[in-house]
Amino acid sequence: MSVRAKAARVRALVLTLISFFTLAATATGCASDDDRPRVVVTTNILGDITRAIVGDEADVSVLMKPNADPHSFGLSAVQAAELENADLVVYNGLGLEENVLRHVEAARDSGVATFAAGEAADPLTFHTGDEGGPAEEGGEPDPHFWTDPDRVRKAAALIADQVVEHVDGVQEKAVRDNAERYDGQLADLATWMEKSFAAIPGDRRALVTNHHVFGYLADRFGFRVIGAVIPSGTTLASPSSSDLRSLTQAMREAGVRTVFADSSQPTRLAEVLRQEMGGDVDVVPLYSESLTEKGKGAGTYLEMMRANTSAMTEGLTGD
């Protein structure tokens, strides 16, 4: 037999074996990863919350990388396709994922179940220069609901409902058990935050941040929002010189010398306040809109909130 004939027989044998094992796997119910139910989540904070609820019942794919900005991150073509192939898409909404929402809408239009967690968490309204109020009062809704653990408890329960309703193949009891366990952890977090913040005198419970992100925390735990370096609910805005003058004046009147800046972004804008205020301003980093990589300070939502609470308490009680 010629070498060419032998090679042809080997190729035929290999193809036969591949076909056999493929059929065998199908017959015995051995599904590929592509056959597992899939939940796709836009932001990494919601991704961590969703994973705690879903557990091993489905694959959870998170589109936003650690330390990214939810207002500005975008998707690759592969990630956009993930959305349209999902059993359920969980996203924040309220305008947070500014470059991703059109892809979420396209997935919804193609028949994918979608859930906007922020819209279901009793959103507050963002107003420049004040502490916000119920969304129905007017203005732009504030998307940063996760700074209030009680609102996260509500959103987490609704995510569990969505998973049970829309993701075929999950065990409802397992999802409900996961949700109940996580709800207990969130309740413990809220209690611990309350006790921690109790150490801050009332006249020091005043927040100045890089941009307006802690309105829900202020509403829940009794803080005043003095203002933000960027007077907006999005990092894509930029401050004017009059904005900075107004903020420094408000800080002087309130006796505030501490600015909380997002740890994942440069603190240049907060540093400007040091110049405006004569240099006597403390800039304290917080994890505000993104988780970090595991082991880097805020690898989970619970870890992020505990780290922020400790930093805020120390920053507002120190001399």
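How many bridges join β3 to strand β4 (residues 113–116)? Four, and the two strands run parallel. This is a predicted model.

**Strand β3 and its partners**

Strand β3 covers residues 88–91. Strand β1 (residues 38–41) also pairs with β3. Those two strands run parallel as well, joined by three bridges. The table sets out both pairings.

| Strand paired with β3 | Bridges | Direction | Residues standing opposite |
|---|---|---|---|
| β1 (residues 38–41) | three | parallel | valine 39 and leucine 88 of β3 |
| β4 (residues 113–116) | four | parallel | valine 90 of β3 and phenylalanine 115 |

In a regular strand, side chains alternate between the two faces of the sheet. In β3, Leu88 and Val90 lie on one side. Val89 and Tyr91 lie on the other. Both faces are covered, and all four of these residues are buried. Two of them return in the pairings: Leu88 is opposite valine 39, and Val90 is opposite phenylalanine 115 in β4.

**From β3 to β4**

Helix α4 (residues 101–109) belongs to a β-α-β unit with β3 and β4. The unit is right-handed.

**Helix α3 against helix α4**

Two packed helices are described by the angle and the distance between their axes. Helix α3 spans residues 77–84. Its axis and that of α4 come within 8 Å and cross at roughly 40°. The crossing is right-handed.

Which residues of α3 meet α4? They are Ala80, Leu83 and Glu84. On the α4 side, the contact involves His103, Val104, Ala106 and Ala107. By class, this contact has five nonpolar residues, one polar and one charged.

Terms used. Residues are numbered from 1 along each chain as its sequence is written. This is a predicted model: local features need pLDDT of at least 70, side-chain atom pairs count only at pLDDT 80 or more; totals for chains, interfaces and linings use all residues. Side-chain values use heavy atoms; hydrogens and water are left out. Buried means under 20% relative accessible area, exposed over 50%, partly exposed in between (1.4 Å probe, protein chains only). Two strands pair if DSSP finds at least two bridges between them. A crossover is right-handed if, with the strands pointing away from the viewer, the path from the first strand over the helix to the second runs clockwise. Axes are lines fitted to C-alpha atoms, for helices over the stretch in contact, and angles run from 0 to 180 degrees between N-to-C directions. A crossing is left-handed if the near helix is turned anticlockwise from the far one by less than a right angle, and right-handed if clockwise. Contact means heavy atoms within 4.5 Å. Ala, Val, Leu, Ile, Met, Phe, Trp, Tyr, Cys and Pro count as nonpolar, Asp, Glu, Lys and Arg as charged, and the others, Gly among them, as polar.
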